[in-house]
Amino acid sequence: MVKVQLAGPWEQRSEPAFVQKALPCPPCQVPIPTACFGEHEVSPVPCHLQGPFSCRRPCGRPLTCGNHTCSVECHLVAGGNKCEVCDEGCSKPRPPGCPHACSRPCHPGNCPPCSQMIRQRCHCKISMLYVECTKLTSAAEQTKVELGSCNNQCPKELSCGHRCKQVCHPGVCEEKCQQKVKLRCPCKRLKKEFPCSLSDQCVVQCDEACRDQQRKVSQVKEAEQRAAQEEEQKKLQEELEAFEKRQQRGGGRRSKKRGRREEVEEEGGGGRWWRRCGVLVLVPLGGALLSAAAFYLLNTA
Ligand SMILES: [Zn+2]
Ligand SMILES: [Zn+2]
Ligand SMILES: [Zn+2]
Ligand SMILES: [Zn+2]
Ligand SMILES: [Zn+2]
Ligand SMILES: [Zn+2]
Ligand SMILES: [Zn+2]
Ligand SMILES: [Zn+2]
């Protein structure tokens, strides 16, 4: 209320024609461009409602896992108000050849090296090998071959019949057999070693020394044969002479023995009989030996 000043006594007090009153202003409707909590959009918000708002879209902020985004409705992030926590497993691709899952839940950056073991048969299939998965999957081709080998000699047999000389290896065996084989010359004096794979193209020839030796050997043989013949003849001769001597002495010895024969006869008739048989056998035997010697001499002369 404004107190009106009277200009003079002639002026009457009256109600003022205009009264000025202070009323509260209506809310300001001036639109102000404002972004939502997630900054998905900018919309005009009446001035009196000033401040960010939820647009009701999914939040979409990246989660700490680094792989996913928040699916909560557009929200304010402040104080205890946070985006959701990812609860998925790791979905990053595994190193080629690793059959195991990542040990960590959904995470940023590279997966940790696989700590599992891989169980596999060696190339030759005899041994069971346990290899660290990460070692195997990160190895170069050549190292992979080595890791898959039991390092024993390959058990397979080559077509030549020898055992493969390589250590446990993938694929087929190398047929170039390196096993040393001995080849001999026809007379067996010389011997040389060749790798098995070349042995069927190699021949060992006799050399001059071989031929010399063969000559000597045949000479020695001939000499031996001759000596043997001579020895045989000598023996026959001696036997004949001995026989003849016995024949000549036969009469005298018999008369000498006659005295003793009486004594012997008392012991038994066997001894006398046997002596007589001896003479009967020896006479034709001497003849046979004589004719054999003659035959032999005639043939060898
Ligand atoms: Zn929004
Ligand atoms: Zn995630
Ligand atoms: Zn969020
Ligand atoms: Zn693995
Ligand atoms: Zn991972
Ligand atoms: Zn093996
Ligand atoms: Zn061989
Ligand atoms: Zn082999």
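## The zinc ion (ligand 4)

C133 counts as buried because its relative accessibility is 0%; here buried stands for under 20% relative accessible area, exposed for over 50%, and partly exposed for what lies in between, taken with a 1.4 Å probe on protein chains only. This is a predicted model, in which local features need pLDDT of at least 70, side-chain atom pairs count only at pLDDT 80 or more, and totals for chains, interfaces and linings use all residues. Residues are numbered from 1 along each chain as its sequence is written, chains are lettered from A and ligands numbered from 1 in the order in which they are written, and side-chain values use heavy atoms, with hydrogens and water left out.

C133 is one of the protein donors of the zinc ion (ligand 4), together with C98, H100 and C114. The donor atoms are SG of the cysteines C98, C114 and C133 and ND1 of H100, at 2.2 to 2.4 Å from the ion. Donors are N, O and S atoms within 2.8 Å of the metal (3.2 Å for Na, K and Ca); water is not among the atoms, so sites may look incomplete. The arrangement is tetrahedral because the four donor atoms around the zinc ion (ligand 4) subtend angles of 98 to 121°. Four donors count as tetrahedral if all angles lie between 85 and 135 degrees; four count as square planar and six as octahedral if opposite donors are over 155 degrees apart and all others between 65 and 115, and anything else is irregular. Along the sequence, the spacing of the donor residues is C-x1-H-x13-C-x18-C. C98 and C133 link distant parts of the chain, 35 residues apart: C98 sits in the loop between β2 (42-46) and β3, and C133 in helix α1 (residues 133-137). Helices (H or I, at least four residues) and strands (E, at least two) are DSSP runs, numbered from the N terminus. C98 is also buried, because its relative accessibility is 11%.

## The zinc ion (ligand 5)

Four residues coordinate the zinc ion (ligand 5) at 2.1 to 2.4 Å: C90, C102 and C111 through SG, and H107 through NE2. With angles of 104 to 114° subtended by the four donor atoms, this arrangement is tetrahedral as well. For comparison, the ideal angle at a metal with four tetrahedral donors is 109.5 degrees. The sequence spacing of these donor residues reads C-x11-C-x4-H-x3-C.

H107 has a relative accessible area of 1% and is therefore buried. C102 is buried at 15%, whereas C111, at 24% relative accessibility, counts as partly exposed.

## The zinc ion (ligand 6)

The protein donors of the zinc ion (ligand 6) are the SG atoms of C122, C124, C150 and C168, which lie 2.3 Å from the ion. This site is tetrahedral, with angles of 97 to 117° among the four donor atoms. In sequence, the donor residues follow the spacing C-x1-C-x25-C-x17-C. C124 and C168 join distant parts of the chain, 44 residues apart: C124 is in the loop between β3 (117-121) and β4 (128-132), and C168 is in the loop between α2 (141-147) and β5 (180-184). C124 is buried at 11% relative accessibility, and C168 is buried at 3%.

## Cysteines outside disulfides

How many disulfides does a search of the whole structure find? The search finds zero, with a disulfide taken as a pair of cysteine sulfur atoms within 2.5 Å. C185 is in no disulfide, and its nearest cysteine sulfur, that of C187, is 3.6 Å away. C185 is buried, with a relative accessible area of 1%.

## A hairpin and two positive phi values

β5 and β6 pair in the antiparallel sense over five bridges; two strands pair if DSSP finds at least two bridges between them. K182 has E193 in β6 as its bridge partner. The two strands form a hairpin with six residues between them, and K188 in the turn has a positive phi of about 75°. K188 belongs to the loop between β5 and β6 (191-195) and is exposed, with a relative accessible area of 54%.

Most residues other than glycine have a negative phi. E39 is another non-glycine residue with a positive value, near 55°. E39 lies in the loop between β1 (31-35) and β2 and counts as exposed at 66% relative accessibility.

## Annotated domain

An unreviewed UniProt entry places the feature "domain: NF-X1-type" at residues 65-88, 98-116 and 160-179. UniProt positions are given in the numbering used here, feature names are shortened, and annotations may be inferred rather than shown by experiment. Residues 98-116 are 0% helix and 0% strand, with end C-alpha atoms 9 Å apart. Residues 160-179 are likewise 0% helix and 0% strand, and their end C-alpha atoms are 10 Å apart.
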